[in-house]
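Pull up the model and keep the sequence beside it. We'll take a walk through the fold, one piece at a time.

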Amino acid sequence: MTRMDSDESFTIVQKDIIAGLGAAFEAVNERDDSDAVRVADRFRDEEVITNEAVTAVPWVYRCRHTGDFNGLFPTGRLLEVKGVSFVDRRGGELLLHRYVDWEGVIAQLGLSVSWRVPVTEEEYRRGGEPSNPPVA
Amino acid sequence: MPGGMPYQLEKGPYFSVAESMLDFGGSAQQRLALLALMLAPEDPNQLPTLDSTTLDQGPLNTPDLRRDHMNTHWFGRTRDPASGVWHDQAPFNPAHPMSTGYWRNWYGDAGGIVAQTFIRAVEVSLGLDHVSRGTDVSKLKPQHCWPIEVFWRCPAPWFEGWVTWRRDDRDSGHVTVHLHTPGHHESALLLSPIRSAPNDTYPDYKLQPVHCDMDRGQWVIAHTHQETIAHYEVMNPSPPAEGKWVLPTFGPLYHSYGDIITVQPNEPDGGVRASGRAYTP
């Protein structure tokens, strides 16, 4: 049995996360960057999830928001980015497919949702625009 | 307050009546008496405005319905069905965070903010330094009695009241109140300021208004159309460790296009009537 964090795919994903997110989210670790990325706790002791061609790596990246993330004010906040990367060896070139819990990142950064949905007039009426005739 | 709010800024019937009530025909003494009432209200529900009969033809056609709306939706209060007494919302619980009233994603003392905003606005309108509770208001000497204008802006990330004023050379002037609130339950924004029938047939609605000879007015200037452009990409397959991640965008990009037009919203949609709306107790 190969534990997930001992598999080569995890090492590939670790480096990919630091390379892809490190500019916006600085890795947080007392020792070195690699430990900032870990296998998600619920899967840490599991055997690697793979069919040989594609390997799934659920991960957590502990980091600090210090750099440019789509123009947001750099908050300096500590956060955990969670996701799953699929290491795809089916073709000639190794590819990574990254599914990231961006909603979790947005929530941790405190970005707000307006709750006023922009709609067309037709949608507005269909959604139940109250009958507000002019008051005499 | 009740009903639709298709635009981002509103005055509408309720705040028009509030302005009329605050006017008191220019009587500083009456406004001073109101200040005393606001500083030490025996029952905030008895403060004037929502009792106005000029609001009875709207969707909330009795003072009680209007007060229920204000207390429940705006201030998050609950009414004891037996005694009829209004109780403040429960204290904030971080383990089970709840919004206040019908606001989305916000908890706080909306009633306290509204009360303090109007106290400050009345003080400024009368040229008075801030009055503390317990002051004998009847001994204060108003310096002037400026009109007060009220707007509601929605959505904002959290609830705020703003008071601004402007004095002119002859010591006349005016005070403007802004209430900035979070989005509210099931609210929406129209992507175009142009209304169609029947709303475009209501009094005071005008597309490209020309004249400004009314006593009051409220216009919005914008592109004819807005559309939302969603950037949505879950998967971004690429070779590893090249730093080519697709980072998400936060909500849609608004693309405004078409002619820049001016619209005068009708009063039910949050605009104002040319002569305002009287407070009639």
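How many residues of chain A are in contact with chain B, and how many of chain B with chain A? The count is 38 residues from chain A against 44 residues from chain B. Bear in mind as we go that this is a predicted model.

Stay on the chain A side of that contact for a moment. The elements that put in two or more residues are helix 1 (8-21), strand 6 (95-100), helix 2 (102-109), strand 7 (117-119) and helix 3 (121-126) of chain A. Helix 1 of chain A contributes the most, with six residues. Sorted by character, the residues on this side of chain A come out as 22 nonpolar, eight polar and eight charged.

There is also strand pairing across the two chains. Strand 7 of chain A and strand 7 (residues 188-190) of chain B run parallel to one another, joined over three bridges. To find the spot, look for A:Val119, which sits opposite B:Leu190.

Strand 6 of chain A turned up in the contact with chain B, and it deserves a look of its own. Its partner is strand 5 (residues 78-88) of chain A, with six bridges between the two strands and an antiparallel run. A hairpin of six residues links strand 5 of chain A to strand 6 of chain A, and A:Gly83 stands opposite A:Val100 in the pair. In a regular strand, side chains alternate between the two faces of the sheet. In strand 6 of chain A, the covered face carries A:Leu96, A:Arg98 and A:Val100, while A:Leu95, A:His97 and A:Tyr99 are on the uncovered face.

Now over to chain B. It has four helices and 10 strands, and reading along the sequence gives β-α-α-α-β-β-α-β-β-β-β-β-β-β. Along the principal axes, its C-alpha atoms fill a box of roughly 80 × 55 × 40 Å. Of the 281 residues in chain B, 32% are buried. Among chain B contacts between residues at least 6 apart in sequence, 74% join residues at least 24 apart.

A good place to get your bearings in chain B is an open sheet of four strands, in the order 1-4-6-5 with mixed pairing. Strand 1 (9-10) and strand 5 (160-167) of chain B are the edge strands, each with a single partner, so each has one side without a neighbour in the sheet. For strand 1 of chain B the partner is strand 4 (residues 148-153) of chain B, paired antiparallel over two bridges. Here B:Leu9 stands opposite B:Arg153.

Two helices of chain B come in against these strands. Helix 1 (residues 12-23) of chain B lies across strand 1 and strand 4 of chain B, at about 155 degrees to strand 4 of chain B. Helix 4 (residues 110-126) of chain B packs on the sheet too, touching strand 4, strand 5 and strand 6 (173-180) of chain B, and its direction makes about 10 degrees with that of strand 5 of chain B.

What do we find in the largest nonpolar core? It has 24 residues, and those touching the most other members are B:Val17, B:Ala18, B:Ala121, B:Val122, B:Ile148, B:Val175 and B:Val177. Helix 1, helix 2 (28-39), helix 4, strand 4 and strand 6 of chain B each supply at least two residues of this core, and helix 1 of chain B gives the most, with six residues. Zoom in on B:Val122: leaving aside residues up to four places away in sequence, B:Val122 touches B:Arg31, B:Leu34, B:Leu35 and B:Met38. A second, separate core of 19 residues includes A:Phe10, A:Ile18, A:Phe25 and A:Tyr61.

Finally, step back to the domains. Chain B is divided into domain 1 (1-189) and domain 2 (190-268), with C-alpha centres 28 Å apart. Their contact takes six residues from domain 1 of chain B and seven residues from domain 2 of chain B. The domain 1 side of this contact divides into four nonpolar residues, one polar and one charged.

One last stop is B:Ala197, in the loop between strand 7 and strand 8 (206-207) of chain B. Is B:Ala197 buried or exposed? B:Ala197 is exposed, because there are just 7 other C-beta atoms within 10 Å, and 12 or fewer counts as exposed. The C-alpha atoms of B:Ala197 and B:His73 are separated by 29 Å, with their places 124 residues apart along the chain.

Terms used
Residues numbered from 1 in each chain as written. Chains lettered and ligands numbered in written order. Predicted model: local features only at pLDDT ≥ 70, side-chain atom pairs only at ≥ 80, totals over all residues. Pairing = 2+ DSSP bridges. Axes fitted to C-alpha atoms, helices over the stretch in contact; angles between N-to-C directions. Nonpolar A, V, L, I, M, F, W, Y, C, P; charged D, E, K, R; others polar. Domains from an automatic or database assignment. Core = buried A, V, L, I, M, F, W, Y, C linked by C-beta atoms within 7 Å. Buried ≥ 20, exposed ≤ 12 C-beta atoms within 10 Å, placed from the backbone.
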